[in-house]
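Visitor: Hi there, I've got a structure open and would like a walk through it. Can we take it piece by piece?

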Amino acid sequence: MVELEKEVLPLPPRYRFRDLLLGDWQTDDRVQVEFYVNENTFKERLKLFFIKNQRSSLRVRMFNFALKVLSCLLYIVRVLLDNPQEERQDWKLIIWVDRPLPLWALQVLVAFISFSETMLLVYLSYKGNVWEQVLRVPFILEMISAIPFMITVILPSLRNLFIPVFLNCWLAKHALENMINDLHRAIQRTHSAMFNQVVILISTLVCLMFTCICGIQHLERAGNNLTLFDSLYFCVVTFSTVGFGDVTPRIWPSQLLVVIMIFVALIVLPIQFEQLAFLWMERQKSGGNYSRYRAQTEKHVVLCVSCLKIDLLMDFLNEFFAHPRLQDYYVVILCPAEMDVQVRRVLHVPLWAQRVIYLQGSALKDQDLMRAKMDDAEACFILSNRFEVDRIAADHQTILRAWAVKDFAPNRPLYVQILKPENKFHVKFADHVVCEEEFKYAMLALNCVCPGTSTLITLLIHSSRGQEGGASSADQWHRTYRRCSANEVHHIRLEESKFFGEYQGKSFTFASFHAHKKYGVCLIGVRRLDTTNILLNPGPCHIMGASDTCFYINISKEENSAFVRGQREPSWGGTGGNARGVHQSIYHGLTRLPVHSIIASMGTVAIDLQDSSDSSPEGQDPGSTGLGSGRGSRSSSRTEMGGTNTLALPAMGDSAEERRHSIAPVLELVDGVNNPSFDLLADQSEDEGAEEGKDDSDRDESAHWWGRHCEWVKGYPLNSPYIGSSPALCHLLQEKMPFCCLRMDKACHHIPFEDARSYGFKNKLIIVSAESAGNGLYNFIVPLRAYYRPRKELNPIVLLLESIPEADFLEAICWFPMVFYTVGSIDNLDSLLRCGVTFANTMVVVDKESSMIAEEDYMADAKTIVNVQTLFRLFPALSIITELTHPANMRFMQFKVKDHYSLALSKLEKKEREKGSNLVFMFRLPFAAGKVFSVSMLDTLLYQSFVKDYMISITRLLLGLDSMPGSGFLCAMKITEDDLWIRTYGRLYQKLCSSTGDIPIGIYRTEAHKLPVSESQVSITVEDYEDTREPREPLLSRTGAHRNSTSSEPISTSSHSSDHPLLRRKSMQWARRLSRKGGRGSSGAKGGPGSAAERISQQRLTLFRRSERQELNALVRTRMKHLGLSPTGFNGMTDQGNRLSYILINPSPDTRLELHDVVYLIRPDPLSLVPNQGSSRKCSAGLSESHRFDTQDSTHL
């Protein structure tokens, strides 16, 4: 037992508790490993100090440079102390010199140090080839200037031997080059090749001159005995090719040296100048640097683009420098591409040459960001290249640039433009982001229900003084449209404002109406001090506070306005003025400002405010109709509860025709919202639609098949096609539509229909032609299905796509009612007919991404323009809204040959371009009417946000991209004959504010205009010209004017008074001759052959008598019959060529209302008037409780 215990071995140290505590076991098992032991050698340490380490190497090279310069200075001192003998042609004077002992000692010391350093560097740089080190020019020069001094130490008799120490200047030049390179590496400064080349050139010139001066002076010791100054004088005169000849070398060695130096100069200097010129040209291309001193003393912004086009540059510069406080800013452009010829030409203009700096570089390189001084910039704009073939790749490049800038300068404000909405969430950290496709599709969608929305938004986000077109324009609409286009959105704090300061404690609608009446400004929104959310028209329940920020539309901001009391100004906005009997009173307006811009100097109209009971339901005529009584022409409901209209004519007595109709006053404080005028959420259209459905059930069982398929609700879309879309309350289906039912041109087992006519839609279609189903199309559907749009006014939406959409996109749109798609192309007539173009009210043509790239820039729109022109010729009654890549191409929209008015507008556009106007295209008829839009017009929105950081938010609210609780929305209403009793825009403003709380912001006006009619618009029937010798009456005088009841386009009442249509004269003359010949031939013939000839002659006569319009109509009808579609209801004879439309933003109060005017409104949010969860909801001032309104649809929040 004892033996067994003795055999038991003790535990290893790692298992003993005592050793574990003391840590003794660690020393037994761990082995320390040293790294980089090769660098611990003596040679490696020296190499690290002399070569590898940047800072120590820089110190060594600076010491070496100082040593060489010192040796040259000692040589000059030796020359000055030397006094050669007067003997001539003594060659010993060239070999021997007089060198004092102290000077010799210093030169020996310097030579010894230089030699030691050189040998050490040779040893450290040795890599196996000795001759590579020995045969270097600096090594040879070092040996020539250092070894002789070391020999004189051993042989004192050689102490006065001449040694060419002046050659050390070349070693000093070499040390200077190395020192500059190490200097850039050590202090991490941007390497400037231009600076290096200039230093090398200067040092080369100095070394050549110094070598020549010292060499000639020494050799002439045996000749003229020149001093250093004489030698300097001779070299300067010789190298400058002046050659006075007063000082010349006398002996042949000095003459030979001059020849050698001239040859060296002719070889070396041109090479140096060539390199310098090349670097200068490269610097001109790359732009150089923006100096640190300028960045710290001046203000600048950086514009990062991948490809800089002249149009983009001019849009940025014109909009950025349009603001007075940005006049002292500089713009630094950072672009990886070489400067374009047109861009270079523009940047040479003195106006921009002193403000714009072009740098060629990438935002992904810190060196280029340092060149642009990004960390000192006031802001950085990053724009995407919309002309890239792959737009997703362009967005990816933009995202990387934004990340790089944010990483380099995290505190700099960032303004980013993105193309695709699905990429927007990657740059949410940016201060301001504009997604091109989001804004584009939302704007095109609103154009369908609010005509001219794209032009309205474009004019609001462009800076203008209203001086385009000239004040002496012959057309009245030019002057009115020009003046109103200068209106922009401005902001001011209420307590600091003269416009709105007196309305503190009053309701928002009261402040908006009275500010417009008194000052001509349109208050559209506010922002509380404790929140960042902007509310457009928060309604009459919002009470204005002193700390509120007011957003208003006016020509000039209040800070740049002057106030003049008691001055009468002529009316400029109305077309009738006092001629129509409008009483004018003194308008307290604003005078013309010489510095910035012009504020509206407008007359006002006296509005009776005595009778406040006229706006009550009892005082209105239940049977009267008001704005937008035309079915389908309204953008939102304008009918109050009880069947009355908000603009209904007040009930009058016997003397109603003898006095003006009065309008209820706008209340300062609203006690509550129990007035039916404010019941905007209730939608009576559901009940009306149900009754109509019962009446029409026997006539058309398939008219409301979707109502039986599933019920409609109001809620938020369940599926969004991309991340980052703002939630919006919309009309939705209770159950989603099967994917097979979304395709309109193919029947399925659910729906047997194959064309739009079979569906029996009550409202006309909205067709969108796009290349593919991108995520941006989702933003086209959402505004048209917003919850505040009455159900009976929703238009079916048909997407005409060239390829079948993805399942993700179908999953997003299958919840929206009356949204379909067809597969086809806009350039195929059969595809257009299948998607229901003959039943459409509006056709939206989206620019194709694949066509944005063309060999010639402005040819990118060629296919779109020709296709739209074909649509215009085939379907003249169709309202076509087109997106173009280049705004300059809008002059080709609905192009008409021999149109003198368009030619006049073209000349006007050229004049505006010469003046440098921001809106050279504003007088083009398609743009003024809102029929054409270019996405490049949205670029100014991002630029303007630098000064007005609220512009993107306000634009998103107007377009319906964001839905802020309590914020209103943009809609439109149409003036009918029953609404003309209001007479003026100011009375309309009061009527809306006192009844529904709506805020009008502008008018879309359509006027009859005698424009030249092209042959493509001629409509002639055969019967009209059977006897061409008889006098003919105009066709339009016999044919009633065609009125599209569901169209949102204004209808002109004066189209019947147009002139005779143009005739195809040659065809008609030929037809007359043919008819005469046929008549003579048939009278002499008998039997069958004569009858056949007469019949053929009549057919030929009929064909040649037809107009081009009739030929196109026959083509469309033939294709419809071939496809099995009924041509019933197709009318291609409508002529809309004699009408022009334009927009008046914030017109004066005394502007006359005209029939078919469309008024833009900002309507308060209906949900803000509905109490929450049955509890009483107070107004913002807490004055009263609002009442609950019952709605027909369930609302899912």
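Guide: Happy to; we'll talk about confidence, then sheets, then helix packing.

Visitor: What's the mean pLDDT of the protein?
Guide: This is a predicted model, and its mean pLDDT is 74, with 70% of the residues reaching 70 or more. Residues 567-644 have pLDDT below 50, and that stretch makes 224 contacts in the model beyond near neighbours in sequence. Residues 674-705 are also below 50, with 59 such contacts.

Visitor: Okay, sheets. What's the strand order in the sheet of 6 strands?
Guide: The order is 17-16-15-18-19-20, in an open sheet with parallel pairing.

Visitor: And which strands stand at the edges there?
Guide: Strand 17 (819-823) and strand 20 (932-934) do. Each has a single partner strand, so one side of each has no neighbour in the sheet. From one strand to the next, the twist averages 20°.

Visitor: How many bridges link strand 15 and strand 18?
Guide: Strand 15 (residues 765-770) and strand 18 (residues 840-845) share 5 bridges and pair in the parallel sense. For a pair to look at, Val768 has Val844 in strand 18 as its bridge partner.

Visitor: Which helix packs on that sheet?
Guide: Helix 20 (residues 436-449) packs on it, touching strand 15, strand 18, strand 19 (879-884) and strand 20. The direction of helix 20 makes about 165° with that of strand 19.

Visitor: While we're on helix 20, at what angle does it pack with helix 35?
Guide: About 40°, with the axes of helix 20 and helix 35 (residues 951-959) 9 Å apart. The two helices are therefore oblique to each other, and helix 20 passes helix 35 in a left-handed crossing.

Visitor: Which residues make that contact?
Guide: Helix 20 contributes Glu438, Phe439, Ala442, Met443 and Leu446, while helix 35 brings Ile952, Thr955, Arg956, Leu958 and Leu959. By class, the contact of helix 20 with helix 35 has 7 nonpolar, 1 polar and 2 charged residues.

Visitor: Back to sheets for a sec. Is the pairing in the 4-strand one parallel or antiparallel?
Guide: Antiparallel, in an open sheet with the order 7-10-8-9. Strand 7 (488-493) and strand 9 (535-536) are at the edges with a single partner strand each, so one side of each is left without a neighbour in the sheet. Strand 8 (residues 522-527) and strand 9 are joined by 2 bridges, and Val526 stands opposite Leu535 in strand 9.

Visitor: New topic: how do helix 5 and helix 7 cross?
Guide: The axes of helix 5 (residues 54-81) and helix 7 (residues 101-125) come within 10 Å and cross at roughly 150°. That makes helix 5 roughly antiparallel to helix 7, and their crossing is left-handed.

Visitor: Which residues meet there?
Guide: Among them are Phe63, Leu67, Leu70 and Leu74 in helix 5, and Leu103, Leu106, Val110 and Ile113 in helix 7. The residues of this contact divide into 11 nonpolar, 4 polar and 3 charged.

Visitor: Last one: how far apart are the axes of helix 4 and helix 5?
Guide: They are 6 Å apart, and helix 4 (residues 42-52) packs with helix 5 at an angle of about 70°. That makes helix 4 roughly perpendicular to helix 5. Leu48, Phe49, Phe50, Ile51 and Lys52 in helix 4 meet Gln54, Ser56, Ser57 and Val60 in helix 5. By class, this contact has 5 nonpolar, 3 polar and 1 charged residues.

Definitions and conventions
Residues numbered from 1 in each chain as written. Predicted model: local features only at pLDDT ≥ 70, side-chain atom pairs only at ≥ 80, totals over all residues. Heavy atoms only, no water. Axes fitted to C-alpha atoms, helices over the stretch in contact; angles between N-to-C directions. Parallel < 35°, antiparallel > 145°, perpendicular 65-115°, else oblique. Left-handed = near helix turned anticlockwise from the far one by under 90°. Contact = heavy atoms within 4.5 Å. Nonpolar A, V, L, I, M, F, W, Y, C, P; charged D, E, K, R; others polar. Pairing = 2+ DSSP bridges. pLDDT = per-residue confidence, 0-100.
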